[in-house]
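Student: Could you walk me through this one? I'd like to start with charges and then move on to the strands.

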Amino acid sequence: MPRNRRLHHAKAFSAVFRYRHQVRGNYVQVYAKPNGLSFSRLGLIVSKKVERSAVKRNRIKRILRETFRTFQSCDNAVQMDWVMRQQLPISAEISRQLIAEIRLLMQQLQKCHDS
């Protein structure tokens, strides 16, 4: 993912959190804020407290980034800053459930901003 499509600084993350527009699923919590740019950006929070293994954290980040990328390939009217926070440990068996949950949560947030 290109550098300009990612959230880097704490200031960018806190702006999305302060907007207070979020939905929570079983595995992840997704925050969103319109950014006024011609593209969407993504920030990920996958902590050691939830997933101890670096290999598993990296796998989860890859899943989150790929789901974001495929969601952005759809025709979305509002470009937003997204922050995804892992809530529970995620095993390889429930990866498909995770992808479906992320897409559903992103669609819910997108609908709120399309109106």
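Tutor: Let us begin with a definition: a patch is made of residues with over 30% relative accessible area and no salt bridge, and like charges are joined within 9 Å. Please also keep in mind that this is a predicted model.

Student: OK, which residues form the positive surface patch?

Tutor: The positive patch on the surface is formed by Arg 3, Arg 6, Arg 62 and Arg 65.

Student: Where does Arg 62 lie, and is Arg 62 buried or exposed?

Tutor: Arg 62 lies in helix α2, which covers residues 54-72. Its relative accessible area is 49%, so Arg 62 counts as partly exposed, and that value is over the 30% that a patch residue needs.

Student: Switching to salt bridges, how many are there in the whole structure?

Tutor: A search of the whole structure gives 2 salt bridges. One of them joins the side chains of Asp 81 and Arg 41, with an N to O distance of 2.7 Å. Asp 81 belongs to strand β4 (residues 80-86) and Arg 41 to strand β3 (residues 41-45), so this pair ties together parts that are 40 residues apart in sequence.

Student: And how accessible are Asp 81 and Arg 41?

Tutor: Asp 81 is buried, with a relative accessible area of 4%, whereas Arg 41 is partly exposed, at 23%. In general terms, side chains of opposite charge can pair when their charged atoms come close.

Student: What about Arg 69, which residue does it form a salt bridge with?

Tutor: Arg 69 forms a salt bridge with Glu 66, and the closest N and O atoms of that pair are 2.4 Å apart. Both Arg 69 and Glu 66 lie in helix α2, where they are 3 residues apart, about one turn of the helix. Glu 66 is partly exposed, its relative accessible area being 37%.

Student: Changing topic to backbone torsions, what is phi of Arg 20?

Tutor: Phi of Arg 20 is near 60°, which is a positive value in a residue other than glycine. Most residues other than glycine have a negative phi. As for its place, Arg 20 is found in the loop between α1 (10-19) and β1 (22-24), and with 72% relative accessibility Arg 20 counts as exposed.

Student: Now the strands. In which sense do β1 and β2 pair?

Tutor: β1 and β2 pair in the antiparallel sense over 3 bridges, and the hairpin that joins β1 to β2 runs through 3 residues. Within this pairing, Gln 22 has Tyr 31 in β2 as its bridge partner.

Student: And β2 with β4, how many bridges there?

Tutor: The pairing of β2 with β4 is also antiparallel, and it extends over 7 bridges. Among the partners, Gln 29 is matched with Arg 85 in β4, and Val 30 stands opposite Met 84 in β4.

Student: Where does β3 come in, parallel or antiparallel to β4?

Tutor: β3 pairs with β4 in the parallel sense, over 5 bridges, and Gly 43 stands opposite Val 83 in β4. β4 therefore has an antiparallel pairing with β2 and a parallel pairing with β3, and, with 6 of its 7 residues buried, β4 is largely enclosed by the rest of the structure.

Student: How many residues of β2 are buried?

Tutor: Strand β2, residues 28-34, is mostly covered, since 5 of its 7 residues are buried. Val 30 lies in this strand and is buried, with a relative accessible area of 0%. The C-alpha atoms of Val 30 and Gln 86 are separated by 8.9 Å, although these residues are 56 residues apart along the chain.

Student: Last topic, loops: where is Glu 93, and is Glu 93 buried or exposed?

Tutor: Glu 93 lies in the loop between β4 and α3 (95-114), and its relative accessible area of 68% makes Glu 93 exposed. From C-alpha to C-alpha, Glu 93 and Tyr 31 are 25 Å apart in space, and they are 62 residues apart in sequence.

Student: And which loop holds Ser 47?

Tutor: Ser 47 has its place in the loop between β3 and α2, and Ser 47 is partly exposed, with a relative accessible area of 29%. Between the C-alpha atoms of Ser 47 and Ala 12 the separation is 18 Å, for residues that are 35 residues apart along the chain.

Conventions. Residues numbered from 1 in each chain as written. Predicted model: local features only at pLDDT ≥ 70, side-chain atom pairs only at ≥ 80, totals over all residues. Heavy atoms only, no water. Patch = residues over 30% accessible without salt bridge, like charges linked within 9 Å, V, L, I, M, F, W, Y side chains within 5 Å. Areas by Shrake-Rupley, 256 points an atom, 1.4 Å probe, with all protein chains shown as cover. Salt bridge = Lys/Arg side-chain N within 4 Å of Asp/Glu carboxyl O. Lys, Arg positive; Asp, Glu negative; His and termini not counted. Charge placed at Lys NZ, Arg CZ, Asp CG, Glu CD. Helix = DSSP H or I, 4+ residues; strand = E, 2+ residues; numbered from the N terminus. Buried < 20%, exposed > 50% of the residue type's maximum accessible area, 1.4 Å probe, protein only. Pairing = 2+ DSSP bridges.
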